[in-house]
Amino acid sequence: MELHQWWRHIIVFLVNTWIPSCFAQTTPPARSSPMPTPQTADNLDTLKFRLSGFPRKHNEGRIEVFYKGEWGTICDDDFSLANAHVLCRQLGFVSATGWTHSAKYGKGAGKIWLDNVQCSGSETSVSVCKSRGWGNSDCTHDEDAGVICKDERLPGFVDSNIIEVQVDENRVEEVRLRPVVTMATKRMPVTEGVVEVKNKDGWAQICDIGWTPKNSRVVCGMMGFPHEKKVNKNFYKHLRKRSAEPKAKVKATRQESKIKAITKTSSKPKRGKSAAAKRLYAERQKNFFLVHSVACLGTEVHLAACPLEFNYGNATESCPGGMPAVVSCVPGPLYTQSPTMKKKLKMPPTTRLKGGAKYGEGRVEVLKGSEWGTVCDDRWNLVSASVVCREMGFGSAKEALTGASMGKGLGPIHMNEVQCTGNERSLWSCRYKNITAEDCKHTEDASVRCNVPYMGYEKTVRLSGGRSPYEGRVEVRVGQRWGSVCSEGWSTKEAMVLCRQLGLGFSMHAITETWYWDSSNVTDMVMSGVKCTGDEMSISQCQHHRTVNCQKAAARFAAGVICSETASDLVLNAQLVQQTTYIEDRPLHMLYCAAEEDCLSKSAASANWPYGHRRLLRFSSQIHNIGRADFRPKAGRHSWVWHACHGHYHSMDIFTHYDLMSANGTKVAEGHKASFCLEDTDCDEGVSKRYECANFGEQGITVGCWDLYRHDIDCQWIDITDVKPGNYILQVVINPNYEVSESDFTNNAMKCNCKYDGHRIWVHNCHIGDSFSEEAEKKFEKYPGQLNNQIS
């Protein structure tokens, strides 16, 4: 019975396998054979996706997949829009708008991981779509597929509008300058030294035979320096010889003694003194020459992009008559030690970076005439980005960013489709197109991240006790011990410097009480009286007490921070202020609520209430958040104050200052929004409102939205009852006390010229504080023009 059952199983198995295969062979196999089947990666967590190629924008390119430790491409056979939908979602975009074939973005390298991919479009991963299987392909890289994604991110995905250098990891990934002179090793940044490349066995040298200044330019760019300079090779040759000879002689003498002793006891011939000394000298000077025959054009952003020849033989003998390549770089103004050189190297301010968390990154803005404007990201790439970086005194570009990833600018867009060769001294020397209204919007502003010199500042501070790497109690290196910082006077500016120094972005909160964090390893206070301007690279560069002087020295009062990679950025609509300014004589009996909120000048207290009136300079304020994070009040809801007169909660003590000043800067009248009711009045297309004051709702301003305070609401004015006729400056400052972190505080002030004749007001030339050149700003008071003369 058991034997019978066994034969029965055998027959069923043969029928199920042999008969279908016979039928399958009646039709000749197509090129897409074997039949596509669903494929699942061994471990989906190891799958990564990226867009590559050139030219491209951040939301399009050759699709590349990282699988089993290697980047590869996808063949265009059977490719479809449904495939592109799945891949775009895996890249963090909402969907695809198209796809490309025949290596439109250039041929990839390495494996072709997938072929004959057939997705329905609803799959969560391309790994579950039908295909030939991982690594099974009959394609060449001439058939690499590309995708064009809709430029809208999925919620929760970090913005990835980045075009970065992508090099073959098997060639040269990391490069360094190793200083040879002992004194140079203690100085930062390292500007001169032996060029070394990292490989699996450690660090190796490059043979200097045929080495050119163009090669040096590329290396200096990678190290964060704008220019290279000539190296004194004779000095290095002499240094090598001098450092080797004494030790070689000592070792040779010892070896000679050993040889003599052995000669007495052995009849075998031994090597003489010269041979021993030569061998010992070779051991002392052993170099591993991995690379030779480097031929850079000078415009590359990475050494791996240059033609290189690798030596896989006897690498220590592969540079006859030569020595390790040595490079010397010229640091930019920020990093040079010499004050004279700083002045000499300072570039004319025709380009600037805005909105970045670190030095050497930000939205690209250029000066045209006397007005700053942005650059459109059409055809934006690493070569053009590198021209900006070098012009700013940094190295080559590490990343070129598109899609306003460093926040949207305001004002004009000066350039479009910039095409640089890489040798230009200024972005204005590159080919570009002028902007028309249809070409670009500020959602397409271009940005950069530049290579900057390594300074080691992050090693001199640390955060402790926090619940994540982005928060904690501040500790610094003073002498040989770590210690905490006194929180007296600790504010957003100091916290901003600290977060930037650690490479953690912006400060979201400056903490003055840290009792709620882990205090098991609390250190003594070693620094107090810290006061920063906000531009310092390190907290040690800020002013501070020579000896610790802290009124509240308990551990709970140590300074702390909560850092964030993104921040808000508030900007006032200057043109709306200019268009809506007028004078109103308002009866006192209508100003009781305003007086309660201290929105009138001091003389109002002695007025004959409720008779008479106050003369008010009125205007509308439209405050935009153009940053990368929502603007939220510093205080939590539990501490908001209810104002019954106006019927809303006040979430900030001071949100805006309104000042009328004389030409020399003396304040003649002021007003302020004691605590704005922060909410989204309206938003850009595609952005939803998130904050509303009504019914004790959440307060704030969403990225891409604005809060409008019309000219006809209470406290939206300056009381000018006591102001005499004359020429004045109207100034509005948002977030004047830096209570809430922003990526850029320089655009928080707006100024206008005013002429008041005692009855009417003329306002002209309203502009954001950093929208004009320094020369134009100096001439600010002399601008002519009259736009309105309203009085109610």
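Let us start at Val 231, which is buried, with a relative accessible area of 17%. The cut-off for that word is under 20% relative accessible area, so Val 231 qualifies at 17%. This is a predicted model, so please read each value below as computed from predicted coordinates. Val 231 sits in the loop between β13 (227-229) and α4 (233-265). What does Val 231 touch once its neighbours within four places in sequence are left aside? The contacts are Tyr 236, Val 326, Val 327 and Ser 328. Pro 213 is 18 residues from Val 231 in sequence, and the two C-alpha atoms are 9.7 Å apart in space.

From here we can move to the disulfides. A disulfide is a covalent bond between the sulfur atoms of two cysteines. The structure holds 16 of them, and we will visit a few. One joins Cys 220 and Cys 329, with sulfur atoms 2.1 Å apart. Its S-S torsion is -90 degrees, and the link is left-handed. Cys 220 belongs to helix α3 (residues 213-223) and Cys 329 to strand β16 (residues 326-330), so this bond ties together parts that are 109 residues apart in sequence. Both Cys 220 and Cys 329 are buried.

Another disulfide connects Cys 75 and Cys 139, whose sulfur atoms are 2.0 Å apart. Why is this disulfide called left-handed? The torsion about the S-S bond of Cys 75 and Cys 139 is about -80 degrees, so the link has that hand. Cys 75 is in the loop between β4 (70-74) and α2 (81-90), while Cys 139 is in the loop between β7 (130-131) and β8 (146-149), so the pair ties together parts that are 64 residues apart in sequence. Cys 75 is buried, with a relative accessible area of 0%, and Cys 139 also counts as buried at 13%.

For a right-handed case, look at Cys 296 and Cys 306, joined with an S to S distance of 2.1 Å. The torsion about their S-S bond is about 105 degrees, so this disulfide is right-handed. Cys 296 and Cys 306 both lie in the loop between β14 (289-292) and β15 (309-310), so the parts they tie together are 10 residues apart in sequence. Both cysteines are buried. Cys 754, by contrast, is in no disulfide: the nearest cysteine sulfur belongs to Cys 752 and is 6.1 Å away. The cut-off for a disulfide is 2.5 Å, so that distance of 6.1 Å does not qualify. Cys 754 is buried, with a relative accessible area of 3%.

Next come the nonpolar cores. In soluble globular proteins, nonpolar side chains tend to be buried together. The largest nonpolar core here has 35 residues, of which Leu 660, Ile 720, Leu 730 and Met 750 touch the most other members. Among the elements that each supply at least two residues of this core are α9 (574-580), β36 (656-661), β41 (726-734) and β42 (749-756). Beyond residues up to four places away in sequence, Ile 720 touches Ile 583, Arg 615, Leu 616, Leu 617, Leu 660, Ala 669 and Tyr 756. Apart from this core lies another, of 26 residues, including Val 172, Val 197, Phe 310 and Cys 329.

Leu 616 also leads us to a sheet, where it stands opposite Asp 719 in β40. Strand β32 (residues 613-618) and β40 run antiparallel and are joined by three bridges. The sheet is open and has three strands in the order β31-β32-β40, with antiparallel pairing. Its edge strands, β31 (582-587) and β40 (717-719), each pair on one side only. On average, neighbouring strands are turned by 35 degrees against each other, direction ignored.

Finally, the aromatic rings: the structure holds 15 aromatic pairs. Trp 113 and Trp 134 meet edge-to-face, 6.3 Å centre to centre, with 70 degrees between the planes. Trp 113 is in strand β6 (residues 111-114) and Trp 134 in the loop between β7 and β8, 21 residues apart. Both tryptophans are buried. Phe 631 and Phe 655 form an edge-to-face pair too, 5.7 Å centre to centre and with 70 degrees between the planes. Phe 631 is buried, with a relative accessible area of 0%, and Phe 655 counts as buried at 0%. Returning to the tryptophans, ring pairs link Tyr 67, Trp 113 and Trp 134 into a cluster.

Conventions: Residues numbered from 1 in each chain as written. Predicted model: local features only at pLDDT ≥ 70, side-chain atom pairs only at ≥ 80, totals over all residues. Heavy atoms only, no water. Helix = DSSP H or I, 4+ residues; strand = E, 2+ residues; numbered from the N terminus. Buried < 20%, exposed > 50% of the residue type's maximum accessible area, 1.4 Å probe, protein only. Core = buried A, V, L, I, M, F, W, Y, C linked by side-chain atoms within 4.5 Å. Contact = heavy atoms within 4.5 Å. Pairing = 2+ DSSP bridges. Axes fitted to C-alpha atoms, helices over the stretch in contact; angles between N-to-C directions. Phe/Tyr/Trp six-rings, centres within 6.5 Å; stacked < 30°, edge-to-face > 60°.
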